[in-house]
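I opened this notebook to keep track of what I looked up, entry by entry, and in what order. The entries begin with charged side chains and then move to strands and rings.

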Amino acid sequence: EIKPVTPSAAALMAERKVAPPQVVNFKSDSLELSLYDNGEVDGDTVSVLLNGEVILAKQGLKASAIKKTIYVPAGTNDSMILVLYAENLGKYPPNTGLLIVHDGEDVYQIRFSADLQQNAAVIFKRKRY
């Protein structure tokens, strides 16, 4: 039996608009991302893409963190784009979440909202000294 292939978020991403991105200036060689449901936990599910590659697939957002560390050695990508792709809208649309970024001792809180027409995006730019 051949099962239909469900297109991945990476394949479907281009079909949606991207909200104006939020920008985070970072300095560390690694960033710890923590993803939470923002507000009432209502079954929101997201996929997270970094520079077009899925780094978290179909994660249900909860009150506890989904954690992912991304490594950015000096001299590599000085600018990266993180896209939050709504796999569903949960019980209370739109799909909303909170992304907390730990950059060494600095912490950034980014609230995002995505729906089936629009992805949320964050641009990470390395600080210049």
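Entry 1, salt-bridge network. I began with K27, D106 and K127, which are linked in a network of salt bridges. I kept in mind that this is a predicted model, and that the distances below are computed from it. Within the network I looked up K127 and D106, whose closest N and O atoms are 3.9 Å apart. K127 lies in the segment after β10 and D106 in strand β9, so this salt bridge ties together parts that are 21 residues apart in sequence. I then checked the exposure of both partners: K127 is partly exposed at a relative accessible area of 28%, and D106 is partly exposed as well, at 26%.

Entry 2, the charges around R126. A search of the whole structure returned 4 salt bridges, and I turned next to those that involve R126. With D29 the side chain of R126 meets in a salt bridge of 3.6 Å, N to O; R126 is in strand β10 and D29 in the loop between β2 and β3, 97 residues apart. R126 also forms a salt bridge with D78, where the closest N and O atoms are 3.0 Å apart; D78 belongs to the loop between β6 and β7 (79–86), 48 residues from R126. Is R126 buried or exposed? I found a relative accessibility of 12%, and since buried means under 20%, R126 counts as buried. Its two partners read otherwise, for D29 is partly exposed at 43% and D78 is partly exposed at 27%.

Entry 3, the aromatic pair. I looked for ring pairs and found 1 in the structure. F26 and F124 make up this pair, which is edge-to-face, with 6.5 Å from centre to centre and 80 degrees between the planes. Because F26 lies in strand β2 (residues 22–26) and F124 in strand β10 (residues 118–126), the pair ties together parts that are 98 residues apart in sequence. F26 is buried at a relative accessible area of 0%, and F124 is likewise buried at 0%. Under the heading of rings I also noted Y85, over whose ring the charged end of R16 sits, 3.9 Å from the centre.

Entry 4, V122. Staying in strand β10, I looked up V122, which counts as buried at 1% relative accessibility. Which residues is V122 in contact with, leaving aside neighbours within four places in sequence? The list includes P21, V24, M80, L84, L99 and I110. L82 is also among these contacts, and I noted that V122 and L82 are 5.1 Å apart, C-alpha to C-alpha, while 40 residues separate them in sequence.

Entry 5, strand pairing. I traced an open sheet of 4 strands in the order β6-β3-β8-β9, with antiparallel pairing. β6 (66–71) and β9 (106–114) stand at the edges with a single partner strand each, so one side of each is left without a neighbour in the sheet. The twist averages 20 degrees from one strand to the next. Inside this sheet, β3 (residues 30–37) and β8 (residues 95–103) are joined by 6 bridges, and the bridge partner of Y36 in β8 is L98.

Entry 6, a hairpin. I closed with β4 (residues 45–50) and β5 (residues 53–60), which pair in the antiparallel sense over 5 bridges, V46 having Q59 as its bridge partner in β5. The two strands form a hairpin with 2 residues between them, and N51 in the turn has a positive phi of about 50 degrees.

Key:
Residues numbered from 1 in each chain as written. Predicted model: local features only at pLDDT ≥ 70, side-chain atom pairs only at ≥ 80, totals over all residues. Heavy atoms only, no water. Pairing = 2+ DSSP bridges. Axes fitted to C-alpha atoms, helices over the stretch in contact; angles between N-to-C directions. Phe/Tyr/Trp six-rings, centres within 6.5 Å; stacked < 30°, edge-to-face > 60°. Buried < 20%, exposed > 50% of the residue type's maximum accessible area, 1.4 Å probe, protein only. Lys NZ or Arg CZ within 6 Å of the ring centre and 35° of its normal. Contact = heavy atoms within 4.5 Å.
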